[in-house]
Amino acid sequence: MKDEPESVEDAQAELRKARIEAKKLERELKLARSLIDRNKITAEANDRLSRIVSEKKSELEKYMNLLLENCPDIIILFDQKGNIAHCTDAFLKRSRVPGFGMIQNSTYRDIFASRTSASFIEKMDSIFSGLLFFAESFHADESIDFGGDGKSRDYSIQVTPMTDETGRPMGAMALFYDTTEMLAAKREAESANKAKSDFLATVSHEIRTPMNAIIGMSTMLKSTPLSGEQQGYLKNIENASTVLLSLINDILDFSKIEAGKLELVPAYFSLPGMLEDLNSMFEFLYREKKLYFTPVFDKNLPAVVYGDEKRVSQIVINLLNNALKYTPAGGVQFRVSLTGENGDTHTVSIRFDVEDTGIGIQEDAIPRLFTAFEQLDLVKNKKVGGTGLGLVITKRLCTMMGGSIGIQSEYGKGSVFTVTLDFQTGSPNDLPEEKIIVIEFTAGEAKVLLVDDIEINLEVASYMLGAFDIKPDTAQSGAEAVKMAAEKHYDLIFMDHMMPGMDGVEAAALLRQGGSSAGSPIVALTANAVSEARAMFLSNGFSGFLAKPMDSAAIAECLLRLLPEDKIHKKA
């Protein structure tokens, strides 16, 4: 009986222990159930994610296939070995391949070896030569006959190595952009531009020939007795000739710029000297029109600068002429100032401002200001002559020199044109020696042959040579000149370039083959006074050339340089 309470106590203890274990098991069961639910949720989420990924992948593949099917450009994907892995339908169509399976695993060599250049194959070899890790993308312009029918097309090609997310090489992608029509359009535009430039140059050349006669005959007329009225007429002829020659020069310059043949000829020159010449020229012109002309030159301007003096002067002359034409009252202020040094004590920026009180320019017309053959406000400007090329040429010359041009204008009140150019500075010692040709000799014993198909040009040139006591023989064709020079020795031959039948170059070549004047110097007479013409004449055996219209100083220099010394007699 004594042991009964202990048994009860033991039983109660066991019961408590059992309850604890039951609660523990219950917690573990809950935890297990929680884990099972969580895993179930995760599994369901994974299933949903897999379905989404699969759907997205399927959609992406669908769009990729649509891209490959509809892309107008040829795209080819190559694997690491250079085999075709995929391509756009454009390639299949262009190559006339019914299906991708027919070319799958073909190499780039199988496709291109017989259809494009060896240099392109070599570039592709560099991609797949085992150095794919180090390969770089490359660009090529090639003509490719994808169809194998002899009808090649032009392509701009970009080949780029492909890598995965770890940087491991996977192959290469080649993109072929068809440029056939674009290049054809470019060639057509270039051809049209060349035709336009050639036409302008030819027309200008043809106009220069009669201009030579007009200016020459005016010079001849000056030396004859004239009444006051006749002198007035002659002055008008000379003024009109000067204007016409300026227009011709504009057209020639424009055609050379369009053709990319205008060259700058930089040298050291005196900036104050150039400005003083411009000042003298325009002071007279503005005074004639009853306008004021006020030059304002910065006292700190360098004395000597390096540049193309002729073209810098042309820029300023165009601006001052423009202001003169479009300013009916008031006048012009011409300012030249030093705007600063460009971090180099030997390089300076110089600003040229031409401010007028003229008719001004409407704001919406300013963008057309530098357009070729454009003259603004035709109603107001109907009495103003010109080609409309002056400002176009000015802008392009500024660009060629690395400078800039700008404008501020108020319609009805005036305009300010501003040109800024950079120059290297120099010293007076850098200036070239001036070659001043003074007519102080005669050459009456010299045997000279003049060749030109236009009689009036022969008359003008003969008159100009007469100032040196030279009485030239004349010929009006290349064939006649060759015959005369074969029978008689001439100390110097002046040969016109453009003649019907046999031109001057052909005639000179025949003269060199033999005859009495085979070794005589030949000087070309030409209106085509461009750098290419100079090179052409020299390479064809000419000793020099004179540009039409000719001037006495150029003729004197030519005679002194080419006539035998014993035929030159210095005047006392």
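1. Starting with handedness: in this predicted model, helices α8 and α9 cross in the left-handed sense. For the geometry, α8 covers residues 309-325 and α9 covers residues 390-400. Their packing angle comes out at about 145°, and the axes sit 9 Å apart.

2. If you want to pull up the side chains at that crossing, α8 brings Arg311, Gln314, Ile315, Asn318, Leu319 and Asn322. On the α9 side, the partners are Gly390, Leu391, Ile393, Thr394, Leu397 and Cys398. Sorted by class, the contact between α8 and α9 holds six nonpolar residues, five polar ones and one charged one.

3. Next, the sheet. It's an open one built from five strands, with parallel pairing, and the order reads β15-β14-β16-β17-β18. Which strands stand at the edges? Those are β15 (473-475) and β18 (544-547); each has a single partner strand, so one side of each has no neighbour in the sheet. On average, neighbouring strands here are turned by 20° against each other, ignoring direction.

4. For a look at one pairing in particular, take β17 (residues 522-526) with β18: the two run parallel and are joined over four bridges. Within this region, Leu525 has Leu546 of β18 standing opposite.

5. Last, a helix on the sheet. Helix α10, residues 455-466, lies across three strands: β14 (448-451), β15 and β16 (492-496). Relative to β14, α10 runs at about 155°. Note that one of the strands under α10, β15, is also an edge strand of the sheet.

Notes: Residues numbered from 1 in each chain as written. Predicted model: local features only at pLDDT ≥ 70, side-chain atom pairs only at ≥ 80, totals over all residues. Heavy atoms only, no water. Axes fitted to C-alpha atoms, helices over the stretch in contact; angles between N-to-C directions. Left-handed = near helix turned anticlockwise from the far one by under 90°. Contact = heavy atoms within 4.5 Å. Nonpolar A, V, L, I, M, F, W, Y, C, P; charged D, E, K, R; others polar. Pairing = 2+ DSSP bridges.
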